[in-house]
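Colleague: Could you take me closely through one part of this predicted model, a single helix together with what lies around it? I would value a connected account rather than a list.

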Amino acid sequence: MIEASELILNSDGSVFHLHLKPENLADQVILVGDQARVETISGFFDKIDFTTQNREFKTVTGWYNNKRMSVLSTGIGTDNIDIVLNELDALANIDFEKREIKTDKRSLNIVRIGTSGGLQSNLPVNSFVVSRKSIGFDGMLAFYANHESYCDGAFEKAFRQFTGWKSSLPSPYVVDASEVLLSKFNTPDFKTGVTISAPGFYGPQGRVLRLGLAMPELNRIIEQFSYNNLKITNFEMESSAIYGLSKMLGHNALTICLIIANRVTREANENYRAEMKKLIKKVLDVLTK
Ligand SMILES: O=P(O)(O)O[C@H]1O[C@H](CO)[C@@H](O)[C@H]1O
Ligand SMILES: O=c1cc[nH]c(=O)[nH]1
């Protein structure tokens with residue numbers, strides 16, 4: 001029995017933050033940071049069954065090409081992902097009436113569509129990048145028992161050594177995407193990369209406005225790093241926790257980003273919404289092919 005304080009349900013039976021009931025959630029889930037992007041995506045749906053919003057967590061469940069999907073906004077950061085992934089898994093795999101873990105587990109397909117900053121000069125603004133691996137600078141996964149067995153320890157060690165990682169910073173963790181989802185996006189429209197999830201947009205991604213950095217050369221070193229011929233391609237703020245918690249809970253996860261800024265060439269596309277719409281349509285088509 002899972003106590004009321006551990007799994008908080010609202011008086012209508014919905015889960016605490018997401019305000020969803022089990023029947024509101026489709027097996028195909030699309031996560032986005034920006035709540036306005038939920039409307040952009042559901043604008044492509046043929047039919048909408050359900051809509052709700054609490055705080056930054058807005059959900060629309062509907063149909064695209066005869067496939068049921070739930071699109072939901074996570075807001076920014078891996079702390080929100082801890083809430084979203086745990087509540088999605090609870091909706092799928094905990095009996096809310098009995099407050100017990102179900103014997104037969106449901107596995108969700110979780111695809112994040114986000115914006116991102118490029119870390120290689122050959123990755124132009126407006127590229128679409130699929131994350132083969134995600135590197136967490138956020139430290140969130142380390143709160144969960146046995147997380148190491150879901151991570152790529154050899155990559156982590158090589159990265160720490162190459163960068164001269166400071167022990168005062170959270171230790172980076174590396175988690176792979178779902179192979180099944182990754183293979184669907186092996187087409188010329190998408191580049192494949194390795195994505196860092198940072199616990200901030202400014203200092204944690206090497207941006208300097210008024211405050212200096214603990215590791216001022218880190219982005220330049222990251223640009224040089226390679227491991228088994230894999231280069232680190234981009235920065236965003238959620239994938240590491242999505243990949244880590246999905247793997248630990250038995251779900252499939254993949255992140256696909258639109259590059260809206262290149263940190264090496266210093267270019268940016270502030271008017272990225274038309275390109276984002278193109279990415280969304282491509283992703284929906286691949287997922288329902
Ligand atoms: O465009 P979204 O999905 O919000 O993703 C990126 O944009 C936000 C920062 O501006 C972070 O959430 C980052 O991961
Ligand atoms: O540079 C960027 C652009 C979008 N999102 C990020 O987290 N970083």
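Modeller: Just after α6, glycine 250 takes up a positive phi of about 85°, and the helix that precedes this glycine, spanning residues 239-249, is the part I would look at closely in this predicted model. Of the 11 residues of α6, 10 are buried, so the helix is largely enclosed by the rest of the structure. The buried positions are Ser239, Ser240, Ala241, Ile242, Tyr243, Gly244, Leu245, Ser246, Lys247 and Leu249, where a residue is called buried if 20 or more other C-beta atoms lie within 10 Å of its own.

One of the elements packed against α6 is helix α2, residues 78-93, with the two axes 9 Å apart and at an angle of about 25°. Because angles under 35 degrees count as roughly parallel, α2 is described as roughly parallel to α6, and α2 passes α6 in a right-handed crossing.

Turning to the ligands, the residues around ligand 1 include Glu236, Met237 and Glu238, together with Val32, Gly33, Asp34, Ile76, Gly114, Thr115 and Phe201; by class, this shell divides into four nonpolar, three polar and three charged residues. Around ligand 2 one finds Thr115, Ser116, Gly117, Phe201, Gln205, Phe235, Glu236, Met237, Ile260 and Ala261, a shell with five nonpolar, four polar and one charged residues. Three strands, β7 (109-118), β12 (230-236) and β13 (252-262), each supply at least two residues of the shell around ligand 2, and β7 gives the most, with three residues.

The positive phi at glycine 250 can be set beside two asparagines, since most residues other than glycine have a negative phi. Asparagine 65, in the loop between β3 (57-64) and β4 (67-73), has a positive phi near 50°, and this residue is partly exposed, with 13 other C-beta atoms within 10 Å. Asparagine 146, in the loop between β8 (128-136) and α3 (153-163), has a positive phi of about 65°, and with 7 C-beta neighbours inside 10 Å it counts as exposed.

As for the wider setting, an unreviewed UniProt entry carries the annotation "domain: Nucleoside phosphorylase" over residues 29-282, and over that range the chain is 27% helix and 33% strand, with the end C-alpha atoms 16 Å apart.

Note on methods. Residues numbered from 1 in each chain as written. Chains lettered and ligands numbered in written order. Predicted model: local features only at pLDDT ≥ 70, side-chain atom pairs only at ≥ 80, totals over all residues. UniProt positions renumbered as here; feature names shortened; annotations may be inferred. Helix = DSSP H or I, 4+ residues; strand = E, 2+ residues; numbered from the N terminus. Near = placed C-beta within 6 Å. Nonpolar A, V, L, I, M, F, W, Y, C, P; charged D, E, K, R; others polar. Buried ≥ 20, exposed ≤ 12 C-beta atoms within 10 Å, placed from the backbone. Axes fitted to C-alpha atoms, helices over the stretch in contact; angles between N-to-C directions. Parallel < 35°, antiparallel > 145°, perpendicular 65-115°, else oblique. Left-handed = near helix turned anticlockwise from the far one by under 90°.
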